[in-house]
Amino acid sequence: MRRQRPTLIAVSTLIAITLTTAAPTPANAAPPEQVTALTAHQADGYTTLAWQPVDGATDYQIERTPVDADNTPTGAPTIVGIWRPNRQINQHAPTFADSGYNPGDTFQWRVRARTGTTEQPYSDPVTATTTAPWGNPTTPGEQLRTGWETTHAAQYTSDTDEYANTAAIDALSDRVRVVELGRTVQNRPINMMVIGHPTPAATPEAVAATSPVAINCNVHGNEPGDREACLIMARQLAFSTDPRITDLLSHTTVLIVPTINGDGRANNTRGNSTGQDLNRDYSLIRQPETTAYITMVRDYRPVAGYDGHEFGNSRAGDLPMLPPRHQNVAQPIFDQSQDMIEGHMYAKGAEAGWWACPYGCEGGGNVGLSEETILRNTLGLKNVTNSLLELRSSGGQTRPDEGNTANNRRRKTYSALWTFHQFLDYHRADRADILKARAEAIETQAANTGRLVFRGSRPIPAHPAPHPGDSPPPIDAPPADLILDNAPCAYKLTDAQYNGARTDGPGGVGTTVAQRIAAHGWKVITIGDDHYVPLNQPERGLIPLLLDTKGVEKLTDGERVYPTLTGRRNGPLTVTGFTCADDATINGPVTVRAGAALVTTATTISGPLTATGAAGILLADSTVNGPVRIATTTDAISIIDATIAGPVDLSGNTTGTDAPVLAGTTIRGPLRCTGNNPAPHNLGIANTVHGPRTTQCAAL
């Protein structure tokens, strides 16, 4: 059972500036059917209304009236919200986030209960001026506004205005560096804002060391509400002096990709210019847009993420969310993602008045399934704690005033802004747990144990009653023919499969399997004309989905390679060709010849391990009772969750763009790394070394 955890998180004055106007105490006691103790708390783009519940109430109606400085109405009172019992987890303290207005204006609110269809008396009114858009209009940087803001939500920000706004933030803030991840099919830039305090780390590897968080704001071009929130938040992060903001940015790096699908945004289409739904391409990476994002994940290694969308179901919650459900996602990542959603977002949403629920709540239909091509599943398979975020596109029954288009857009954008700030707060408070879950997931994946599922989701229960949704997402259980109980050690690809031309990209031209595997960051060992992709790697759950014959949306039919060495072997072992050891005990020294490869899981070597000029060495969940020396390796080195009773020496290895990995390993001796190109890294998982660490491995 998932742990129960406190959800008290510091909330910034930036997003929780409060202005409370309590109802006056009447001379006589209010009738029992009348709402009492109404308060209005102001925040960025929304007002949280809270009141004492009325016994027997079926629901509540929220009324808003525009007023002037003298509290004289300047417009008609309007029912702007319906509070229903299934919209939040704390029924004893009803709240409603009202956001369908122009920020900075003044309003009066009243709330009344209904019993069945019978309307009860309104509460006494409260009046307050709402919070104006963030940023002093006369302060450089803070004065920046998007096209969406300047038109009061009448229009979305255009692609050219977005690029200009992003460049202006970059130019005016030392905290922001804008990098171009790639180009769309129609040659629009795919920009990412790298944000840190006082300045962001200078290189992708240095950013990765800060345990960054990533927000993908707009993948479907006709769902821009999250993108507008991202642009507002980027301005806040870039220029705010709020201690919460500077503290957040001092402890991590925030990666914001406003628009991965610039072509779709410019044309207001769901897909990109080829018609491809990019959120069905993050594993296959057939398009330049998805390739750019997945390459970013490889290089910057975000530990947590959110992915922004809009959802057309008019009956669903304000903020449907969903973790990575694919059954190959490591349990710690699924649990941590659920903790972020259920343990934090549901509780904080109930406090603020937002209706957060599982994606698919209120009759969502066949949504939120296990396709690994969807970003939330791809990220989960890459050991990233993450969630999908859906903004309900229409106002629906609970927000009857959103026939006004601008009001609808405001609610979507400001609810997303709230979510993204809460995401940053969650990471700040739970960073240690997020990193622990990630480390456990990587070690579990690299051990290459357990069945492989090619389609099938973990169940998502309706939140414990009273839950914020009437139905959970579909079960999506894996069929028997899409389960492989006996996982192979590796997949072998012919050179034609690996380097051959493909036609599944834009214009009938596709990148090769080799290029796509490199973008994912998987280690490959080449021996002769064959290319081996071992499964004792951190993304073990994703590799078969693209390379196995059972793959539903695969790149090619790789040949399964099963262990060639199991059980006990006495005496020295000389490795030639490709050797895979699983659950083996080797009583003697092991020598890996030039051009050969050794891949081990759950294996013990009682003696030294020496490799000179090898093609690859991948050790996971294994023990070496002796020294390890790996020199002049050409393709791949990975040592994950191993125990080595002796010194370790990595010298002169030249593995191209694929850096050697040494992570989560205990070394009972010194660690020496010299002349490796590129230098080894630890995936953010520290090693335990009982001896000096020198040169390239001093920080590992």
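# Disulfides, core and loop contacts

Cys-580 has a relative accessible area of 2% and is therefore buried (under 20% relative accessible area, with over 50% exposed and partly exposed in between; 1.4 Å probe, protein chains only). The model is predicted, so local features need pLDDT of at least 70 and side-chain atom pairs pLDDT 80 or more, while totals for chains, interfaces and linings use all residues. Residues are numbered from 1 along each chain as its sequence is written, and side-chain values use heavy atoms, without hydrogens and water.

**Exercise 1.** Find the disulfide partner of Cys-580 and state which parts of the chain the pair links.

Solution. Step one is the search for disulfides (pairs of cysteine sulfur atoms within 2.5 Å), which finds four in the whole structure. The sulfur of Cys-580 lies 2.0 Å from that of Cys-489. The angle about this S-S bond is 115°, a right-handed link. Step two is placement: Cys-489 is in the loop between strand S18 (483-484) and strand S19 (490-494), whereas Cys-580 is in strand S25 (residues 578-587), 91 residues apart. Helices (H or I, at least four residues) and strands (E, at least two) are DSSP runs numbered from the N terminus. Step three is burial: Cys-489, with a relative accessible area of 4%, is buried as well.

**Exercise 2.** Describe the disulfide of Cys-217 and Cys-230, and give the pattern of the disulfides along the chain.

Solution. The sulfur atoms of Cys-217 and Cys-230 are 2.0 Å apart. At -95° about the S-S bond, this link is left-handed. Cys-217 sits in the loop between strand S11 (213-216) and helix H5 (225-239), and Cys-230 in helix H5, 13 residues apart. Both Cys-217 and Cys-230 are buried. A further disulfide joins Cys-357 to Cys-361, and these two cysteines are buried too. Counting bonded cysteines along the chain gives the pattern 1-2, 3-4, 5-6, 7-8.

**Exercise 3.** Which residues touch the most other members of the largest nonpolar core, and which helix gives its largest share?

Solution. A nonpolar core is a set of buried Ala, Val, Leu, Ile, Met, Phe, Trp, Tyr and Cys residues joined through side-chain atoms within 4.5 Å. The largest one has 53 residues, and Leu-237, Ile-256, Tyr-306, Phe-420 and Phe-423 touch the most other members. Helix H11 (residues 405-446) supplies the largest share, ten residues. A second, separate core of 32 residues includes Ile-605, Val-624, Leu-650 and Ile-667. Returning to Ile-256, its contacts (heavy atoms within 4.5 Å) beyond four places in sequence include Cys-217, Cys-230 and Leu-237. Ile-256 thus leads back to the disulfide of Exercise 2.

**Exercise 4.** Is Asn-261 buried or exposed, and what does its side chain reach?

Solution. Asn-261 lies in the loop between strand S12 (254-257) and helix H7 (262-267). Its relative accessibility is 0%, so Asn-261 counts as buried. Its side chain reaches the backbone oxygen of Gly-271 at 3.3 Å. Leaving out residues up to four places away in sequence, Asn-261 also touches Asn-218, Val-219, His-220 and Gly-221, among others.

**Exercise 5.** Classify the ring pair of Tyr-101 and Phe-107.

Solution. Rings of Phe, Tyr and Trp (its six-membered ring) pair if their centres lie within 6.5 Å; planes under 30 degrees apart count as stacked, over 60 as edge-to-face and the rest as tilted. The count by this rule is eleven aromatic pairs. For Tyr-101 and Phe-107 the centres are 5.2 Å apart and the planes at 40°, so the pair is tilted. Both residues, Tyr-101 and Phe-107, are buried.

Technical notes:
Polar contact = N/O pair within 3.5 Å; in protein donor to acceptor, adjacent residues only side chain to side chain.
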